[in-house]
Amino acid sequence: MSEPVLRVKDLRTEFAVRAGIVKAVDGVTFEVGRGRILGLVGESGSGKSVTGYSILGLIELPGRIAGGEVLLNGVDLTKLKGEQIRRVRGAQIAMVFQDPMMTLNPVLKVSTQMIAAVRAHDNVSRKVARSRARDALATVGIPSPEERLDAYPHQLSGGMRQRVAIAIALLHKPAVIIADEPTTALDVSIQGQILAEVRRLADETGTAFVWVTHDLAVVSSLADDICVMYAGRVVETGAAADVIASPRHPYTAGLLASVPAEHEPGERLPQVPGSAPSLANLPPGCAFAPRCFKAGPACNTTPPVQHFEDGRTALCHYPIEPDSCQPLSSTSTTYQNAS
Ligand SMILES: Nc1ncnc2c1ncn2[C@@H]1O[C@H](COP(=O)(O)OP(=O)(O)OP(=O)(O)O)[C@@H](O)[C@H]1O
Ligand SMILES: [Mg+2]
């Protein structure tokens with residue numbers, strides 16, 4: 001991979017709650033190259049959104065970044081304060097949320113919002129800003145962009161609103177866009193169109209994406225690389241195709257085994273048997289051990305990051321051997337027996 005544009009190193013984000021300190025993100029490390037798409041996956045509560053918010057400097061009390069680095073082209077965003085991070089956010093790194101109304105103001109026309117977004121970082125005339133807004137709408141596949149500019153958000157379909165939110169994220173040609181399940185609420189054919197546009201944008205503009213999703217079908221169709229999270233930690237990384245073809249971490253194998261054959265993109269995944277642990281009260285050692293079909297005596301101690309061929313990693317004492325040809329159905333049977 002060429003020099004990564006985004007490097008997240010040992011990121012730790014905590015929330016001080018009544019039950020104690022919740023380590024929502026606990027030593028997360030990954031990197032994304034120019035024009036690459038990283039799929040960030042894991043069950044509900046695994047820390048995907050908190051990772052995204054932490055990268056953008058959007059964590060508020062009772063949360064705080066307790067350690068680590070977020071290097072955007074070598075600059076550590078965690079060290080930037082107020083106005084400094086606001087100058088970077090939206091210009092060099094942007095976020096797309098699951099609900100486009102997190103980005104859009106319902107009472108303002110699309111043009112008003114997009115012109116303001118352009119002029120927040122670039123000192124250009126309203127006319128120039130409007131033409132940049134129109135170009136951005138065209139880039140994300142919005143037909144008749146000139147007319148859409150004069151619409152209010154409620155006059156657009158859900159898919160169109162999300163395209164507008166992506167267009168706003170793209171306005172300043174950021175190095176990185178963090179997208180937090182932006183297509184999950186959309187119907188499958190609209191989702192497919194947007195994913196195809198995103199793939200094209202990454203290839204053509206060089207913008208790197210971190211694409212947060214529950215949906216392994218989305219990852220396999222969209223992502224170059226994958227990062228699997230469990231209980232605030234990264235448990236497996238690698239090229240998406242390799243990890244999906246031959247997972248090394250038992251949790252990833254469980255996620256894959258729980259995808260029904262007739263799984264439709266956009267459908268929520270059934271969960272791996274057993275329930276996700278409480279982050280305020282994790283077992284010592286490997287947090288996945290109580291649900292794991294491969295758990296052994298070492299698992300009550302902290303698992304090592306194992307490095308495999310082609311830069312893959314797994315956080316596990318007993319990773320799955322690649323040539324063990326473990327059929328996924330037998331993996332899932334073992335899970336059922338174990339729970
Ligand atoms: N404001 C907060 N206060 C306290 N704890 C929080 C807060 N926000 C997040 N957390 C904790 O962080 C954990 C991770 O949350 P996060 O939203 O990142 O999960 P997620 O992987 O995005 O899940 P989902 O798939 O449901 O969106 C949660 O389980 C919760 O315990
Ligand atoms: Mg989330």
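In this predicted model, the side chains of E43 and Y251 are joined by a polar contact of 3.0 Å. E43 lies in the loop between β3 (37–41) and α1. The relative accessible area of E43 is 5%. That value is under the 20% limit, so E43 counts as buried. A loop residue is thus placed out of reach of the probe for most of its area, and its side chain has a polar partner in Y251.

Helix α1, which follows that loop, covers residues 48–56 and includes S49. S49 has a relative accessible area of 27% and is therefore partly exposed. The value falls between the 20% and 50% cut-offs. The C-alpha atom of S49 is separated by 7.5 Å from that of V212. Along the chain, these two residues are 163 residues apart.

A second polar pair involves T237. This residue sits in strand β10, which runs over residues 233–239. The relative accessibility of T237 is 14%, so T237 is classed as buried. The side chains of T237 and T313 make a polar contact of 2.5 Å. T313 is also among the residues in contact with T237 once neighbours within four places in sequence are set aside. The others are I226, C227, V243, G311 and R312.

The fold as a whole was examined next. The protein chain contains 11 helices and 12 strands. Its radius of gyration is 21 Å, and the globule rule gives 20 Å for 339 residues. The two values are close, so the chain is as compact as a globular protein of that length. The C-alpha trace spans about 65 × 45 × 40 Å along its principal axes.

Contacts and burial were computed over the chain. Among contacts with a separation of 6 or more, 66% are between residues 24 or more positions apart. Buried residues make up 49% of the 339 residues; E43 and T237 are among the buried residues.

Surface and charge complete the description. The accessible surface of the protein chain is about 15200 Å². Carbon and sulfur atoms account for 52% of that surface. The chain carries 33 positive and 34 negative charges. The mean positions of the two sets of charges lie 8 Å apart.

Key. Residues numbered from 1 in each chain as written. Chains lettered and ligands numbered in written order. Predicted model: local features only at pLDDT ≥ 70, side-chain atom pairs only at ≥ 80, totals over all residues. Heavy atoms only, no water. Helix = DSSP H or I, 4+ residues; strand = E, 2+ residues; numbered from the N terminus. Rg over C-alpha atoms; globule rule 2.2 N^0.38 Å. Buried < 20%, exposed > 50% of the residue type's maximum accessible area, 1.4 Å probe, protein only. Contact = heavy atoms within 4.5 Å. Areas by Shrake-Rupley, 256 points an atom, 1.4 Å probe, with all protein chains shown as cover. Lys, Arg positive; Asp, Glu negative; His and termini not counted. Charge placed at Lys NZ, Arg CZ, Asp CG, Glu CD. Polar contact = N/O pair within 3.5 Å; in protein donor to acceptor, adjacent residues only side chain to side chain.
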